[in-house]
Structures are given as structure tokens and as C-alpha cells.
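Here are a few exercises to work through with the structure open beside you. Try each one yourself before reading the solution.

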Amino acid sequence: MCIFYLPKCKIKFTFGRVNVAKCKFVLMKTILPYPFRKVGIVIFLISIIVSFIGDIDHAKAGFYEGYHHLSYSSEESMVQYIERNGGLIYTVQEQKTFDWVGIILSLSGLLMYVFAKERVEDEFIEKLRMNCLAWAVASSWLLFFLIMVIRGSTRFEVLYALQTQMLIYVVLYVYQKKWKYGV
Amino acid sequence: MKNTLKVQRAIKDITQAQLAEVIGVSRQSINTIEKGKFVPSTLLALKFARYFEVPVEKIFILEDDD
């Protein structure tokens, strides 16, 4: 028999039979001190800057693509056209690194914000968290479903899905706390 | 459910912030309870009653449709 303890959760495993009696789950339990909230915001802002820097080439390519179509130039390909106009800044590997760093920083920042304590933690904040979590899960899945229908593809990146879900949660939480119920 | 929290607070002549500090919750919680947007737990209701030295029923009143 193995008894597994967590701070507010006691689950008793007995020969494959799970006894969840007296199990008190506290979803969205805050585990980080209040200052981590601000650290999370700073890290998230850094991730936005990194993503912007990494996306320069995407923006540049998009601009050239539009310009190339407008000029009706069929003699040279898109790649040749971009090369003639100075080419792209980053290599594919550098681009991937920027994307990776951006998403990791973004997720870390959002996670810190989500799991950091408020100045005063009470049952209203707990209810607000649960409410926002439920809305974030529902709306993000609806969003993914719509994107899949529009794009006609069932493929999506897990990290970006997590990022979207957390971002919706944070936006909802901040909106409800500061404006809807704020004074 | 309606409540007389604002009235009780006026009788004691304290602000939302002061009441929040005494009870150990945020000012937003007091504000949302007063406006009827959030129904507090039994524990919190009892804390209010103890602080205002009145029965819980005098602060939180059930309405016909509850």
C-alpha cells in the first residue's frame, strides 16, 4: 500500500484501487510569493520583445511577397526577389532559436503570474481564479476548434495552445479583478 | 440573498479597507459582497457577525426567490 501526500491532497492507492475519500483538491493553488507576479510580467514582456525581433524576417518576407505580387514580376521567383533586396536577416536555425526562446519565456512568465499569490488571498480571489480557468479552457478550445475548421487541419502546436490558454486566463483574470469587480 | 453589510459598516463607521483588514480579506471582496455579486462562505459570514456583534441573519437575509 502506498500513500501519497500533497499539501492539501491525500490520495490513497490500494492495489490499483484509487480511494479519493477525504481528497481536497485545490486547483490553481498559488505556490509562489507575491513578487513573482511582477517578475512574471517582466519575463512575459521580454518574450514579446524577443518574438518581435525573431519575427522581423516573417514581416520582411510578408512585405516582399505583397510587393512582388503587386509588381507582377514573373521573371524572378520570390526567393530571388528577396535576395535581390538584401535577403533575410536570420538563418533557419536562428529563427527556430528565437521562436523557442520566445515561447519558453512567454510560458514561464505566464506561469509565474498565474501561480503567484495575490497580496491578500481569499475566497473571492479563489472563486475568480476558478471562474477564469473554466472560461479560459472553454474559450481556448472553441478557438482551436474554429481555427481547425477554418484552416481545414487538425494539427496544432501544443506549446502555442498552452500559451493561448494561459494568455486568455490572464487577460480574463486581470479584466475581472481590475475592472469588473475592481473599485 | 441581500445583505446589510454597508449599513453595519456605517454603524461602526469604518471603511471597506478597514473592514477588509480586520476580517482578513481583500477590499475587492468586501465591495463585491456589498454589491451582492459574491456570496461569502459560512466562515466569512460568521466572521462578519462576530465583528459586528449581531446574528448572521441580521447581515445576510434570504429573499423569497432563494
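**Exercise 1: How far to trust chain A**

In this predicted model, the element of chain A with the lowest confidence is strand β1 (residues 2-6), at a mean pLDDT of 41, while helix α1 (residues 35-54) of chain A has the highest, at 93. Find the stretch of chain A where the pLDDT is below 50, and decide how to treat it.

*Solution.* Step one: the stretch is residues 1-27 of chain A, where the pLDDT is below 50. Step two: beyond near neighbours in sequence, that stretch still has 22 contacts in the model. Step three: where pLDDT is low, predicted coordinates should not be read in detail. Step four, the wider view: chain A has a mean pLDDT of 78, with 73% of its residues at 70 or more. Chain B averages 92, and 100% of its residues score at least 70. Within chain B, the element means run from 90 in strand β1 (residues 2-3) to 95 in helix α4 (residues 42-52). For the model as a whole, ipTM is 0.84 and pTM is 0.74.

**Exercise 2: The layout of chain A**

Write down the order of helices and strands along chain A, then work out how much of the chain is buried.

*Solution.* Start by counting elements: chain A has six helices and three strands. Next, read along the sequence, and you get β-β-β-α-α-α-α-α-α. Now for burial: 13% of the 183 residues in chain A are buried. Finally, look at sequence separation. Of the contacts in chain A between residues at least 6 apart in sequence, 74% join residues at least 24 apart.

**Exercise 3: Two helices that cross**

Describe how α4 and α6 of chain A meet: at what angle do the axes cross, and which residues make the contact?

*Solution.* First, the geometry. The axes of α4(A) (residues 92-115) and α6(A) (residues 158-180) come within 10 Å and cross at roughly 35°. The crossing is left-handed. Second, the residues. From α4(A) come I103(A), S106(A), L107(A), L110(A), Y113(A) and V114(A), and from α6(A) come L159(A), L162(A), Q163(A), M166(A), L167(A), Y169(A) and V170(A). Third, sort them by class: 11 are nonpolar, two are polar and none is charged.

Stay with α6(A) for a length check. Its 23 residues, at 1.5 Å each, should span 33 Å, and the end C-alpha atoms are 31 Å apart, so the two agree. As for burial, M166(A), Y169(A) and Y173(A) of α6(A) are buried. The cover over the buried residues of α6(A) includes α4 and α5 of chain A.

**Exercise 4: Where the chains touch**

How many residues does each chain put into the contact, and which helix of chain A gives the most?

*Solution.* Count by chain: 10 residues come from chain A and 12 from chain B. On the chain A side, helix α5 (residues 123-151) gives the most, with four residues. By class, that side has five nonpolar, one polar and four charged residues.

Now cross over to chain B and look at helix α3 (residues 27-34). Q28(B), S29(B), I30(B), T32(B) and I33(B) are buried there. The buried residues of α3(B) pack against elements of both chains: α5 and α6 of chain A, plus β1, α1 (5-12) and α2 (16-23) of chain B.

**Exercise 5: Positive phi in chain B**

Which residues other than glycine have a positive phi near 55° in chain B, and are they buried or exposed?

*Solution.* Begin with the background: most residues other than glycine have a negative phi. One exception is D13(B), with a phi of about 55°. D13(B) sits in the loop between α1 and α2 of chain B, and it is exposed because only 12 or fewer neighbours are allowed for that label and it has 7 other C-beta atoms within 10 Å. Another is E53(B), whose phi is also near 55°. E53(B) belongs to the loop between α4 and α5 (56-59) of chain B, and with 9 other C-beta atoms within 10 Å it counts as exposed too. For a glycine to set beside them, take G36(B), just after α3(B), with a positive phi of about 80°.

Key
Residues numbered from 1 in each chain as written. Chains lettered and ligands numbered in written order. Predicted model: local features only at pLDDT ≥ 70, side-chain atom pairs only at ≥ 80, totals over all residues. Axes fitted to C-alpha atoms, helices over the stretch in contact; angles between N-to-C directions. Left-handed = near helix turned anticlockwise from the far one by under 90°. Contact = placed C-beta atoms within 7 Å. Nonpolar A, V, L, I, M, F, W, Y, C, P; charged D, E, K, R; others polar. Expected span 1.5 Å × (residues − 1). Buried ≥ 20, exposed ≤ 12 C-beta atoms within 10 Å, placed from the backbone. pLDDT = per-residue confidence, 0-100.
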